[in-house]
Amino acid sequence: MSDKLSFWRRTPPALFPCLLGFLGLGLTWRFAAKIWGVPMWIGETISVIALSLFIITFSSYLCKIIARPSVVLDDMKVVPARGAVSAGSMCLMVISAYLIPINIELARVIWWISLVLHCFYMGCVIWAFIQAKEISKNITPPIFLPFIGFIVAAVPGPMLGYMHISMLILVVTMPAFLFIVLMSLVNLAKGYVPAPLHSSYAIILAPTSVYGAGAYGVWSTDVYFWFWSAALAMALAMVPFVRFLTKGGWNPGWGGFTFPLSAFSTMMLMGVEAGFGGISQAASIFGLTLATFLIPYIVWKTYHFWMIGKLANATGAAVV
């Protein structure tokens with residue numbers, strides 16, 4: 001019994017990426033209610049479930065850190081976990097967007113907490129890179145999360161009154177985004193990326209989409225159109241590589257499919273609102289349909305693995 005009650009001791013960072021996509025799915029359905037008039041309860045139900053899972057997961061990981069603060073650095077010895085931990089603070093950025101229509105002051109507090117926490121995680125990732133050998137070989141798409149993940153805060157930022165900060169985040173992170181894309185593709189071409197990590201390359205779609213969602217709030221529709229076009233082109237370019245991305249079947253790395261799907265669906269819905277016509281409508285329907293079926297499946301599989309005690313070993317997470 002005591003072993004079951006202490007499951008928090010093996011809380012793996014791999015839970016956060018799929019949660020990020022699940023939280024994003026709730027926001028996407030909320031936005032779909034505004035654009036298409038679908039029932040509001042769909043998005044609210046998903047949001048409540050995702051938020052409940054986040055509270056449990058974040059509290060468990062916090063207990064793990066309190067038990068041994070250095071466990072964060074231990075988790076980051078595994079390359080994919082360097083991105084996964086940062087997804088936790090990105091979840092808070094999404095939650096701040098949830099709270100805007102409910103309590104904007106609380107949303108602002110959560111927004112700032114998420115940025116401070118994300119800076120802390122990024123510092124830990126930098127430390128992990130300094131300790132690693134052959135740093136360039138460790139650059140893969142999960143590294144987007146600690147270094148580019150700030151852009152998620154730029155989406156609700158303008159609605160919270162932080163227009164200029166949001167604009168600065170989008171501009172400053174762009175060179176790092178382009179560098180990580182380039183190095184990730186180079187490492188893939190050189191054979192440095194094992195098959196179980198192939199799914200992480202779907203993450204490239206996430207920043208492309210989030211940049212567009214951020215641009216929608218801080219710049220003109222003309223600027224947004226170019227990001228919308230880039231995200232659509234990126235999604236279409238990935239279609240022929242679906243078998244490559246899913247090689248070997250489900251593994252905890254599939255969490256990397258979730259937030260790109262929800263971000264892409266949201267961005268395409270913004271295109272519908274902007275009047276981009278049938279292409280954006282079709283992409284929105286396809287993206288949201290796929291996200292609605294795939295994201296809960298990945299969340300269920302990931303959490304099932306956690307509860308039966310297999311996820312920590314499968315992802316190399318530290319146990320306290």
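Colleague: Which residues have the most contacts inside the largest nonpolar core?

Modeller: In this predicted model, the residues with the most contacts inside the largest nonpolar core are Leu25, Ile95, Phe144 and Phe264. That core has 101 residues.

Colleague: Which helix gives the most to this core?

Modeller: Helix α2, which spans residues 15–36, gives the most, with 11 residues. As general background, nonpolar side chains in soluble globular proteins tend to be buried together.

Colleague: Let us take isoleucine 95. What is it in contact with, leaving aside its neighbours within four places in sequence?

Modeller: Isoleucine 95 is in contact with Leu23, Leu51, Phe54 and Ile110.

Colleague: Turning to the surface, which residues form a nonpolar patch there?

Modeller: The patch is formed by Leu73, Ile126, Trp127 and Ile130. Together these residues have about 370 Å² of accessible area.

Colleague: Which helix gives the most to that patch?

Modeller: Helix α7, residues 104–131, gives the most to the nonpolar patch, with 3 residues. Isoleucine 130 is located in helix α7.

Colleague: Is isoleucine 130 buried or exposed?

Modeller: Isoleucine 130 is exposed, because its relative accessible area is 55% and the cut-off for exposed is over 50%.

Colleague: A change of topic: where is leucine 160?

Modeller: Leucine 160 sits in the loop between α8 (144–148) and α9 (163–189).

Colleague: Is leucine 160 buried or exposed?

Modeller: Leucine 160 is buried, because its relative accessibility is 1%, and buried means under 20%.

Colleague: What does leucine 160 contact, beyond its neighbours within four places in sequence?

Modeller: Leucine 160 is in contact with Ser96, Ile100, Ile104, Ala107, Arg108 and Trp111.

Colleague: And what separates leucine 160 from phenylalanine 241?

Modeller: Their C-alpha atoms are separated by 38 Å, and the two residues are 81 residues apart along the chain.

Colleague: Where is serine 199, then?

Modeller: Serine 199 is in the loop between α9 and α10, the latter being residues 205–218. Serine 199 counts as buried, at 2% relative accessibility.

Colleague: Which residues is serine 199 in contact with, setting aside neighbours within four places in sequence?

Modeller: The contacts of serine 199 are Leu245, Asn251, Gly253, Trp254 and Phe257. In the case of asparagine 251, the C-alpha atoms of the two residues are separated by 9.0 Å, with their positions 52 residues apart along the chain counted as the distance apart.

Colleague: How many disulfides does the structure hold?

Modeller: The structure holds 0 disulfides. In general, a disulfide is a covalent bond between the sulfur atoms of two cysteines.

Colleague: Where is the nearest cysteine sulfur to cysteine 63?

Modeller: The nearest cysteine sulfur to that of cysteine 63 belongs to cysteine 91 and is 17 Å away. Cysteine 63 counts as partly exposed, at 37% relative accessibility.

Colleague: What about cysteine 124: which cysteine sulfur is nearest?

Modeller: The nearest cysteine sulfur is that of cysteine 119, 11 Å away, and cysteine 124 is in no disulfide. Cysteine 124 is buried, with a relative accessibility of 8%.

Colleague: How many salt bridges does the structure hold?

Modeller: The structure holds 6 salt bridges. One of them joins the side chains of glutamate 44 and arginine 30, at 3.3 Å from N to O.

Colleague: Which parts does that pair tie together?

Modeller: Glutamate 44 lies in helix α3 (residues 40–67) and arginine 30 in helix α2, so the salt bridge ties together parts that are 14 residues apart in sequence. Glutamate 44 is partly exposed at 29% relative accessibility, whereas arginine 30 is buried at 16%.

Colleague: What does lysine 64 pair with?

Modeller: The side chain of lysine 64 meets that of aspartate 75 in a salt bridge, again at 3.3 Å from N to O. Aspartate 75 belongs to helix α4 (residues 71–75) and lysine 64 to helix α3, so this pair ties together parts that are 11 residues apart in sequence.

Colleague: Is that aspartate 75 buried or exposed?

Modeller: Aspartate 75 is buried, at 0% relative accessibility. Lysine 64 is buried as well, with a relative accessible area of 0%.

Colleague: Finally, which residues are linked in a network of salt bridges?

Modeller: Arg68, Asp74 and Lys77 are linked in such a network. Between lysine 77 and aspartate 74, the closest N and O atoms are 3.5 Å apart. Lysine 77 is exposed, with a relative accessible area of 62%, while aspartate 74 is partly exposed at 21% relative accessibility.

Note on methods. Residues are numbered from 1 along each chain as its sequence is written. This is a predicted model: local features need pLDDT of at least 70, side-chain atom pairs count only at pLDDT 80 or more; totals for chains, interfaces and linings use all residues. Side-chain values use heavy atoms; hydrogens and water are left out. Helices (H or I, at least four residues) and strands (E, at least two) are DSSP runs, numbered from the N terminus. Buried means under 20% relative accessible area, exposed over 50%, partly exposed in between (1.4 Å probe, protein chains only). Contact means heavy atoms within 4.5 Å. Patches are made of residues with over 30% relative accessible area and no salt bridge: like charges are joined within 9 Å, nonpolar side chains (Val, Leu, Ile, Met, Phe, Trp, Tyr) within 5 Å. Accessible areas come from the Shrake-Rupley method with a 1.4 Å probe; for residues, only the protein chains shown count as cover. A salt bridge is a side-chain nitrogen of Lys or Arg within 4 Å of a carboxyl oxygen of Asp or Glu. A nonpolar core is a set of buried Ala, Val, Leu, Ile, Met, Phe, Trp, Tyr and Cys residues joined through side-chain atoms within 4.5 Å. A disulfide is a pair of cysteine sulfur atoms within 2.5 Å.
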